[in-house]
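Work through these exercises with the model open beside you. Try each task before you read its solution.

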Amino acid sequence: MSFGPPPSVYTQSAVAADQARTRRRLRLLGGALAVVLIAALCVGVRLLSSAGDDGAPDDGRAAAVAQSPDEVRETAERASSSPEGREIIEHYEENLGKDPRYAPGTWATDKIVARGVANRVEGYKLTSDDDETAWKLELGGHLCATSRDVTADGRTAVVIQPPKGEAASDKGVCDQVVFLDLNTGKKLWQRKMPAADFAYVTNTGLTLTRGVVAVAWGRGSVAYDMRSGKQLWNSTTTSQCEDKGFAGGRALLALAACGEAPDTTYKVQKLDPRTGRTLWTYKVATGIDDVFLPSSDPPVLAVAAGDTMVTDLITLDGQGRHLATISLNGYDAKCGSRYAFSRFFGVVDACDGMVVGRTQAYIMSKENIAIGQPAGWIVAFDLKTGRTQGKFDGREFQAVVPVRMSGDDLLIYRAGADSLAPAALVRWNPRTDRETPYLLFQLPEDEAYELSDPEQTDIVVEKGRMFFAPRELERDEDKPKAKVLSLAGYASAGLKH
C-alpha cells in the first residue's frame with residue numbers, strides 16, 4: 001500500500017488525555033444511578049432498541065418523499081413500538097500488519113451493510129445472527145476516496161489506485177472510478193479518469209448527485225453518467241484556480257481554490273451536473289484559510305477564518321447570495337478536524353459535527369466538562385437569519401452527536417457512560433422540542449470511546465439499524481494476533497427482515 005502514514009495532528013498523547021478525562025468523568029457518576037437507569041430500561045449488555053419499519057409511523061412532516069432510482073437517497077426512519085433490541089453484526093479484521101489499515105466508506109441498505117477496507121468492499125448480510133459475508137468485491141487497487149452518498153436504489157461509487165499491472169506515472173496516483181451495487185456487490189462500471197496524474201488520496205474526492213458521479217482532484221475534475229458510465233464533462237486546470245472538491249446530493253457545488261498559500265482565495269460555484277456549466281458563483285472573502293461544503297442544497301459553507309479550525313458558517317440562497325453568517329465559537333463542526341484521518345483523505349463535503357436540513361443547521365457544542373451539566377448539546381440555527389431556533393441537551397457524562405436528517409427531524413446519537421448508562425439514538429423534532437427514543441444500547445466497553453467519536457468512526461443509520469465502523473484499523477502491539485473490531489451493528493428485536 002503506497003499511502004504511507006498520514007500526517008498525524010491528533011497525537012497519541014492527545015487521545016490518551018481525552019480517554020483519561022472521559023474515564024474520570026464516568027467514575028463520578030456513581031454506581032447507584034447505573035443500577036436504577038439500566039434496570040428501568042431493561043437493556044441487557046450489547047442490546048439495542050431501534051427505529052423499526054414495523055413500528056408506528058412518525059408525524060407527516062418526517063415522511064419520506066418518493067425518489068427516482070438515480071437520486072441520492074433521503075429516507076425517513078420510523079419509530080418502533082418497543083425500545084428493546086439486539087446486536088445484528090460484529091465483524092473483526094484479522095491478520096493486520098504493523099501499519100494502520102484504512103477503512104474509508106460505510107454504507108447500508110435494507111438488505112446489506114458494506115465496508116470499504118484497503119483494496120476491497122465487502123457486504124454483510126442482515127438476515128442472520130452470524131457475521132456472514134454476502135459478497136466481496138476485490139477492487140485491484142487501494143481505496144482513495146469514497147462518498148457517503150447512496151442512490152435511492154442502493155448504488156454508490158469509489159475511487160481507487162490503478163490495479164496491479166496497469167501503468168501509472170506515480171504508484172500513488174488515484175485514477176480509477178468504480179460504480180457498484182451495494183445489494184449485490186456487482187461492479188456496474190469502471191472508468192479511468194482523464195489527465196489524473198496528480199490525483200492522490202490526499203486531494204481526491206467524489207460525490208453523487210442525481211444521475212451523476214463527480215470527481216475532483218485539485219488539477220482537474222470529471223463527471224460520469226450513473227447508468228452508462230459515459231463521461232459527461234471534464235476540466236483540467238491550467239489557471240491558478242484548482243477544483244478542490246464537490247458537494248452533491250440534491251445539487252452539485254464545486255469548491256475552487258485560487259492562488260498559492262498563504263494568499264489563497266476561494267470561490268463556490270453551483271454547476272449543472274450533466275454539462276458542468278456554471279449556474280452561479282459565490283466569492284468567499286479574503287483571509288479565509290480553508291472552506292468546506294457541508295450542504296449543496298441549501299448551499300452552506302463552513303470556513304476557517306484566521307484559524308486551522310472552522311470558525312463560521314455562511315448560508316446562501318438558491319441564487320448564491322449571502323443570507324447569514326453563523327459564528328461557531330463554542331461549537332465543534334468537525335470539518336477537516338484535528339483527527340488525522342479527515343486530513344489524510346481529501347474530503348470537503350463532510351462535517352462530522354453538524355447536519356444541514358432544509359431550513360436549519362444543527363451543530364454540536366464543544367465538550368463540556370462541568371459537573372452537574374450536560375456533556376454537550378446541539379443547537380439548531382435558522383439558515384435564513386442565523387438565529388438559534390432550538391437546543392437539544394445531552395446528559396451529564398453523555399455527549400450528543402447529530403447523525404442525519406430523517407424527514408424534517410434530526411437523528412441524534414447520545415453516547416453512553418460505560419456500563420453506568422446506555423447509549424441511544426433519538427429523534428428530535430425542533431418545532432415541538434419532542435424527543436423520541438429509537439435505539440437504546442451499550443457498545444462494547446473497550447471499544448466505546450472510539451466508536452462514539454464521529455471523527456474516528458462512521459456512524460450510519462438506515463432502515464431501523466445503526467452501525468459503527470472505525471475508519472482506521474490498527475492492531476494491538478501487545479496482542480498482534482488479536483482481531484480488531486471493524487463493524488458493529490444493532491437493530492430492533494422486532495424488526496422484520
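**Exercise 1. Strands β17 and β18**

How many bridges join β17 to strand β18, and do the strands run parallel or antiparallel?

*Solution.* First, the ground rules. The model is predicted, so local features need pLDDT of at least 70 and side-chain atom pairs count only at pLDDT 80 or more, while totals for chains, interfaces and linings use all residues. Residues are numbered from 1 along each chain as its sequence is written, and side-chain values use heavy atoms, with hydrogens and water left out.

Step 1. Know the terms. Strands are DSSP runs of E with at least two residues, numbered from the N terminus. Two strands pair if DSSP finds at least two bridges between them.

Step 2. Find β18 at residues 278–283. Five bridges join β17 to β18, and the two run antiparallel.

Step 3. Pick out one bridge. L271 has T278 in β18 as its partner.

Step 4. Look at the turn. Six residues lie between the strands of this hairpin, and G276 there takes a positive phi near 80°.

**Exercise 2. The hairpin before it**

Describe how β16 meets β17, and find the cis peptide bond in the loop.

*Solution.* Step 1. Locate the strands: β16 covers residues 253–258 and β17 covers residues 265–271. Six bridges join them, and they run antiparallel.

Step 2. Check a facing pair. A256 stands opposite K267 in β17.

Step 3. Move to the connection. The hairpin has six residues between the strands, and G259 has a positive phi near 85°.

Step 4. Find P262 in the loop between β16 and β17. The peptide bond that joins A261 and P262 is cis, with omega about 5°.

Step 5. Now look for another cis bond. D297 is joined to P298 by a cis peptide bond with omega near 5°. P298 lies in the loop between β19 (288–296) and β20 (299–305).

**Exercise 3. An open sheet**

Which strands stand at the edges of the sheet β3-β4-β5-β6?

*Solution.* Step 1. Write down the order. The sheet is open, has four strands in the order β3-β4-β5-β6, and pairs them antiparallel.

Step 2. Go to the ends. β3 (106–108) and β6 (133–138) each have a single partner strand, so one side of each is left without a neighbour in the sheet.

Step 3. Add the twist. It averages 15° from one strand to the next.

Step 4. Zoom in on β5 (residues 120–125) and β6. Five bridges join these antiparallel strands. G123 stands opposite W135 in β6.

**Exercise 4. Positive phi without glycine**

Where do D433 and K463 lie?

*Solution.* Step 1. Take D433. Its loop runs between β29 (423–429) and β30 (434–441). D433 is not a glycine, yet its phi is positive, about 60°.

Step 2. Take K463. Its loop runs between β31 (457–462) and β32 (465–470). Phi of K463 is positive too, near 55°, and K463 is a residue other than glycine.

Step 3. Check exposure. Buried means under 20% relative accessible area, exposed means over 50%, and partly exposed is in between (1.4 Å probe, protein chains only). K463 has 29%, so it is partly exposed.

**Exercise 5. Rings and charges**

Which residues do ring pairs link into a cluster with Y413?

*Solution.* Step 1. Set the cut-offs. Rings of Phe, Tyr and Trp (its six-membered ring) pair if their centres lie within 6.5 Å; planes under 30 degrees apart are stacked, over 60 edge-to-face, the rest tilted.

Step 2. Count. The structure holds eleven aromatic pairs.

Step 3. Examine one of them. The centres of Y413 and F468 are 5.4 Å apart with planes at 65°, so the pair is edge-to-face. Y413 is in β28 (residues 409–414) and F468 in β32, so the pair ties together parts 55 residues apart in sequence.

Step 4. Follow F468 onward. F468 and Y490 are also edge-to-face, at 6.4 Å centre to centre and 75° between the planes. Y490 lies in β34 (residues 484–492), so this pair ties together parts 22 residues apart in sequence.

Step 5. Check burial. Relative accessible area is 0% for Y413, 0% for F468 and 0% for Y490. Each is buried.

Step 6. Name the cluster: Y413, F441, F468 and Y490.

Step 7. Finish with charges. A charge sits over a ring if NZ of Lys or CZ of Arg is within 6 Å of the ring centre and within 35 degrees of the ring normal. The charged end of R219 sits over the ring of F198, 4.2 Å from its centre. The charged end of K391 sits over the ring of W377, 4.7 Å from its centre.

Notes: Axes fitted to C-alpha atoms, helices over the stretch in contact; angles between N-to-C directions.
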